[in-house]
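I opened this file to look up its pockets, cavities and cross-links. These are my notes, in the order I made them.

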Amino acid sequence: MKRVVIGCFMLLFTLISSAQQKTFTNPLLPSGADPWVIRHGDYYYYTNSTGSNLTIWKTKNMADLGKAQKQVVWTPPAGKSYSKELWAPELHYLSGKWYIYFAADDGDNNNHRMYVIENSSEDPTKDMWTFKGRVGDATDKWAIDGSVFEHRGQLYMIWSGWEGDFNGQQDIYIAKMKNPWTIESKRSKISGPLFDWEKNGDLGKKSNPPHVNVNEGPVILIHGDKVFLIYSASGCWTDFYALGMLTASYGSDLLDADSWKKSDKPVFQRSIEKSVYAPGHNSFFKSADGKEDWIIYHANSKAGQGCGGFRSPRMQKFTWNADGTPNFGEPVAEGTVLKAPSDK
């Protein structure tokens with residue numbers, strides 16, 4: 001009889017545990033800015049900014065990210081131009097190899113540039129990563145938030161950068177790539193802060209500069225006959241950090257700024273009612289069965305928390321409007337019980 005009771009208890013515990021794995025609440029981790037997710041095989045691989053190294057989380061269920069295996073895969077050597085302030089890592093699987101793109105500097109933000117490392121293992125948390133070097137166009141201007149995507153057989157890089165050599169405004173650029181570590185075309189500016197909601201960037205009179213307009217964190221979302229570029233606008237140090245959208249037709253010249261149309265309003269923004277502030281710097285992923293579309297982003301829980309360690313990763317499912325544009329809805333409040341991404 002005792003064995004039967006124990007067996008029933010274990011079965012009940014298993015069922016409860018299984019049920020818990022099918023739901024989640026935001027945030028997914030206590031902190032973590034610039035979240036990025038990619039699915040490969042039966043696993044999701046996740047990364048975010050740590051500042052000092054490149055770290056990958058591995059999990060079969062994104063709802064279990066807080067319990068996922070975590071591995072520091074690369075730490076930069078000291079004394080290099082890329083030794084400090086490692087920002088916005090992105091993990092991509094291209095031509096049978098893994099690449100992590102990231103921005104870094106020598107401790108001086110003015111020297112931020114984009115870099116990439118490579119791994120030929122099937123599992124990016126295993127084996128050695130090789131430093132491939134700086135990824136940049138011929139101008140060699142300040143650059144962060146590099147993202148790559150393949151479209152109609154061509155590899156592209158998009159990023160946030162300066163027009164000149166001094167801070168004041170961040171724009172979105174695009175260029176063609178020869179291979180995963182080499183830009184081969186001239187950069188083309190396809191977006192700059194235009195609307196008032198993109199221009200919240202006061203830093204104070206004592207700051208140099210006292211104000212910065214920002215477009216950053218670009219990521220591509222392709223659906224039907226449209227190519228969408230989702231980006232973050234306004235300074236991350238403000239509560240007004242939000243997502244904007246550019247739209248181009250599938251067959252257009254993506255290096256031509258005229259191919260892109262900017263939405264005049266944010267497509268995802270703060271919710272004071274739900275205590276979600278400065279949501280932005282996102283990425284996208286599909287559920288394991290390929291039927292659901294998900295957005296993952298970082299946000300603050302209180303006003304005035306800025307660009308520091310209070311930012312935490314959150315995710316929610318999104319849908320599509322009748323005209324084929326994405327509908328991200330509103331940020332979900334912390335603690336709201338949500339269904340986990342659907343499984344196979």
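Entry 1, second largest pocket. For residue classes I count Ala, Val, Leu, Ile, Met, Phe, Trp, Tyr, Cys and Pro as nonpolar, Asp, Glu, Lys and Arg as charged, and the others, Gly among them, as polar. On that scheme the lining of the second largest pocket of this predicted model has 15 nonpolar, 3 polar and 4 charged residues. I noted a volume of about 620 Å³ for the second largest pocket. Its lining is made up of 22 residues, and W36, I38, H92, I220 and F284 are the closest to the centre. I then looked up which strands contribute: β2, β6 (84-94), β10, β15, β19 (277-286) and β20 (293-300) each supply at least two residues of this lining.

Entry 2, confidence. I checked how far the model can be read. Mean pLDDT for the protein is 94, and 94% of the residues reach 70 or more. Which elements have the lowest and the highest mean pLDDT? Helix α1 (residues 2-20) has the lowest, at 45, and strand β11 (residues 154-161) has the highest, at 99. Over residues 4-20 I found pLDDT under 50 throughout, and for this stretch the model has 0 contacts beyond four places in sequence.

Entry 3, largest pocket. I put the space in the largest pocket at about 760 Å³. There are 38 residues in its lining, and those closest to the centre are W87, N109, C236, C307 and R311. By class I have 15 nonpolar, 16 polar and 7 charged residues in this lining. The strands that each supply at least two residues to the lining of the largest pocket are β2 (33-40), β3 (43-49), β4 (54-59), β10 (143-151) and β15 (213-223).

Entry 4, disulfide. Two cysteines turned up in the list of residues closest to the centre of the largest pocket, C236 and C307, and I followed them up. They form a disulfide, with 1.9 Å between the sulfur atoms. The count for the structure comes to 1 disulfide. I noted 110° about the S-S bond, and the link of C236 and C307 is right-handed. The pair connects distant parts of the chain, 71 residues apart: C236 lies in the loop between β16 (226-233) and β17 (242-249), and C307 in the loop between β20 and β21 (312-320).

Are these two cysteines buried or exposed? C236 has 14% relative accessibility, so I enter C236 as buried. C307 has a relative accessible area of 27%, so I enter C307 as partly exposed. The cut-off I applied is that buried means under 20% relative accessible area.

Entry 5, cavities. How many cavities of 30 Å³ or more does the structure hold? I found 2 of them.

The largest cavity contains about 60 Å³ of space. I listed its lining as R113, M114, R134, V135, G136, D137, D140, K141, A143 and W159. By class this lining divides into 4 nonpolar, 1 polar and 5 charged residues.

For the second largest cavity I have a volume of about 40 Å³. It is lined by A88, E90, D145, G146, G217, P218, V219, H281 and N282. Strands β6, β10, β15 and β19 give two or more residues each to this lining, and β15 gives the most, with 3 residues. The classes here are 3 nonpolar, 4 polar and 2 charged.

Entry 6, N282. I picked N282 from the lining of the second largest cavity for a closer look. N282 sits in strand β19. Its relative accessibility is 2%, so N282 counts as buried. What does N282 contact, leaving aside its neighbours within four places in sequence? I listed P35, V219, I230, L243, I295, I296 and Y297. Of these contacts, V219 is also in the lining of the second largest cavity.

Entry 7, G96. Last, I looked up a glycine outside the strands. G96 is in the loop between β6 and β7 (97-105). With a relative accessible area of 37%, G96 is entered as partly exposed. I also noted the distance from G96 to D343: C-alpha to C-alpha they are 25 Å apart in space, and they are 247 residues apart in sequence.

Note on methods
Residues numbered from 1 in each chain as written. Predicted model: local features only at pLDDT ≥ 70, side-chain atom pairs only at ≥ 80, totals over all residues. Heavy atoms only, no water. pLDDT = per-residue confidence, 0-100. Helix = DSSP H or I, 4+ residues; strand = E, 2+ residues; numbered from the N terminus. Contact = heavy atoms within 4.5 Å. 1 Å grid on protein atoms, 1.4 Å probe; cavity = no way out; pocket = protein on both sides within 12 Å on 5 of 7 lines; lining within 4 Å. Points joined across faces, edges and corners; volume = space filled by probe spheres on them. Disulfide = S-S within 2.5 Å. Buried < 20%, exposed > 50% of the residue type's maximum accessible area, 1.4 Å probe, protein only.
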